[in-house]
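User: Could you go through this model with me and say how each label is earned? I would like the values set against the definitions.

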Amino acid sequence: MKNKRNGFMKWITLAVIAMVGGIGYLFGTGNLASAEQAVLVEEDFDQLEGGLPEGWSVIQGQASIENGKLELSSPSSASPARVLVPLPDKNGNIIFEADMTFVSAVEDTRWASMMFRVQSTDYPYYQFAIRRGTTALNGAEFAERNAQNKWVVPEATFFTEKFEYNKTYRIKIIASNNRVQQFINNKLVINTDQASGLLNGDIGFQANGSTVLFDNVKVSTFEEELPPVENAGAFLPQEPKTNIVNAPTLIGKTLSAAQSSNTASVLLKVEQNSAGELITNGMPLRDALVNVQNKHIPILHIEKNGIEGAIIDSLEASLTTDVHIVSSQPEIVKTITNLMPTARGGIVYTKNSFNKHDLNELVQTVHANNAKVALVPEKLLDAENVHYLHTRMVAVWGIGAVDENSVHALIHTGADGIITDNPATSIEALGNYPENTIVKRPIVAAHRGVPSLAPENTMAGYRLAYELGADQIETDLQLTKDGHLIIMHDLTVNRTTNGTGAVSDLTFEEIRQLDAGIKFSEEFTGEQVPTFKEFLQEFKGKDVILLVELKGAGFEEQVIKEIEEEGMVDQVVLQNFDLGSMIVANELKPEIPVGYLYSAAVPGTTEAKIKNAQKMMDYGTSHNVTLNASYGSTYQEFLTYMRQRGLLTMHWTFRAEEPFRDKLAEGLVGPITDYMQWLTDSPIKLETPIKKINLKQGKTSTVQAKAFVNFRTVKKENIASELFVAEDNGVVRLDGNTIEAVSPGTAQVFVKHTFEMLGTEWNIVGEPVEVIVE
């Protein structure tokens, strides 16, 4: 993971400067190196010591020239330091760049900035603010100090590298009318059209709770037009209409297949010709990438070693950032995603077997190589092994779907994507299902056990969650005063036990004397606070995943050690609100999937929602974590964006039926809930006894389906159902569960069961029965 975070430098080139502008902007007259731009300010401070350049002024705090650099020093956020630089031409269309170096900061949230379009000698103004902790979601900002002397932050994002002390970074701002682009080391990090309020003014520098050096300042006029922000690359491809909840995304197996139908993505097999050029689908790779831009998500299938650098060059030249890298050779995926941290990874499965050992090996290979998706031939997939992969946070793209029957078979595995060279057939099949059809069981995590029925974070609650069919059991870990891993959500034992005090102030033996059940009910008197080892041992070898939240940081190594000692690397998923903790865990044991817990406001416009989804996807991918947001942080566009790009996510915490129902209908995959019992009795799939029926005219046949209640117990039972045809061609007549042959031909007959869950009606549908009337 360390390599992935630091390897981004390889792909940051001038191509990314023009990310939103197209090839003409990169290589034509819009090139930033153009000699037509007039220089307004150029200063390296080498001939100065102590005082500022002529005309520059300190308008707040401390600033001086030290050792040939402009130094701003701010002891706290309440005492910022600011320097104003008047421009001879106050036209706000400029390129403003400088070297910036953090010397110190009070904390990682403190920042420095380059101000522009400064009005008068104070405010309002815009600024490019950069926190010392640039990897935070608001590590880089386009901000405004408005006319009321208040902060407004229209755009914020992260940078893939945390700024190091005494390391110099090149900062650049391009402002053109209402458009602003902001760069770090020539990587475009913010691209906005929110600068219409202030169109001219001066520039300046600011430090807030930090000491920062600036050098090699240059300000030039900018006479070009920046391209519209809507071409920034954040988009949701069109997909076929379907009534399936969380339907599989369509992936064209070739460029022509993708262009002939509504496929979200296109698989581009990359090869090298005799001249050393990268080609795909009979054309240069970079041309193919330009061809699909903002239409389909490119998935580069690469099997040749040694072309990783050339792949990056093609991505840069075509301005492609939203991309998947897939291969049957994990080292290729890892190398390219280390070079380009926001590129997503996938592993192509090539073995002929797919037993439990193979599945477990695939899970660990996926996570250890910066990937989150497995590409598997249709013939190897079924609902059970897809669910096995899902619970371990691996999305599945099935390869096949050559005809209508195989499309339906792939749909019913619960696969997240269908890779096909015949998308039209898949589109037709997806249109055959009734409203609110569920074909993919959600990954249901029992939150702290079942706290609605049993005391939270107790062995009694965990066992009940298992009996109720939980796919994952969620829990919380803390360290005692003497270094033992115990299970407790709160920082104190006060709420859930008969004791008092902070967990970190109590020894293991003191905590073991407490009663963790009596406050819930006398029925659970005597329940102890469990140890992590007890929790692991209870479910070792059982068909359930343990979703383990670390309540703090610094003990990742001990957690992983206990997991390894129990031989349960294949049964645990880790998560934390502290991203740094999950980065450490990933570096220690990359085979264990990790998730980042967070909560955030939902943007107000569709454009902003999609752009935010892109930012979060890039953020998670850069650190190889899943995005385990609160369910209130999710929205339709977010869930669709993640589904189309193969990222499974867990979301907390459902305690009311209405939002639970609504989010499932939007396509939420991984609900974390206090009410496991709400889903326990809901059927998960229908099984029809036969796939083909031959009938003579006038004859009848009855089809009776069975329902699977959950995957772990493989419990089946007869269930009320009815038949339907997606397209009535007059071949058969249906009456309940009976099929009557009417006229010669072929009909696809489906069996359907309607049930109630979370206060609404849902459908499960079996694979179609092909009826041939002679």
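User: What makes residues in the lining of the largest pocket nonpolar, polar or charged?

Analyst: Happy to explain! Ala, Val, Leu, Ile, Met, Phe, Trp, Tyr, Cys and Pro count as nonpolar, Asp, Glu, Lys and Arg as charged, and the others, Gly among them, as polar. By that scheme, the lining of the largest pocket holds 22 nonpolar, eleven polar and seven charged residues. This is a predicted model, where local features need pLDDT of at least 70 and side-chain atom pairs pLDDT 80 or more, while totals for chains, interfaces and linings use all residues. Residues are numbered from 1 along each chain as its sequence is written, and side-chain values use heavy atoms, without hydrogens and water.

User: Which element gives the largest share of that lining?

Analyst: That is α17, with eight residues.

User: Why is Met393 called buried or exposed?

Analyst: Buried means under 20% relative accessible area, exposed over 50%, and partly exposed in between (1.4 Å probe, protein chains only). Met393 has a relative accessible area of 1%, so Met393 is buried. Its phi is positive, about 65°, although Met393 is not a glycine.

User: And why does Asn177 get its accessibility label?

Analyst: Asn177 has 32% relative accessibility and therefore counts as partly exposed. Its phi, near 55°, is also positive in a residue other than glycine.

User: What makes such phi values worth pointing out?

Analyst: Most residues other than glycine have a negative phi, and most peptide bonds are trans.

User: Which residues does a cis peptide bond join?

Analyst: Tyr123 and Pro124, with omega about 5°.

Definitions and conventions:
Helix = DSSP H or I, 4+ residues; strand = E, 2+ residues; numbered from the N terminus.
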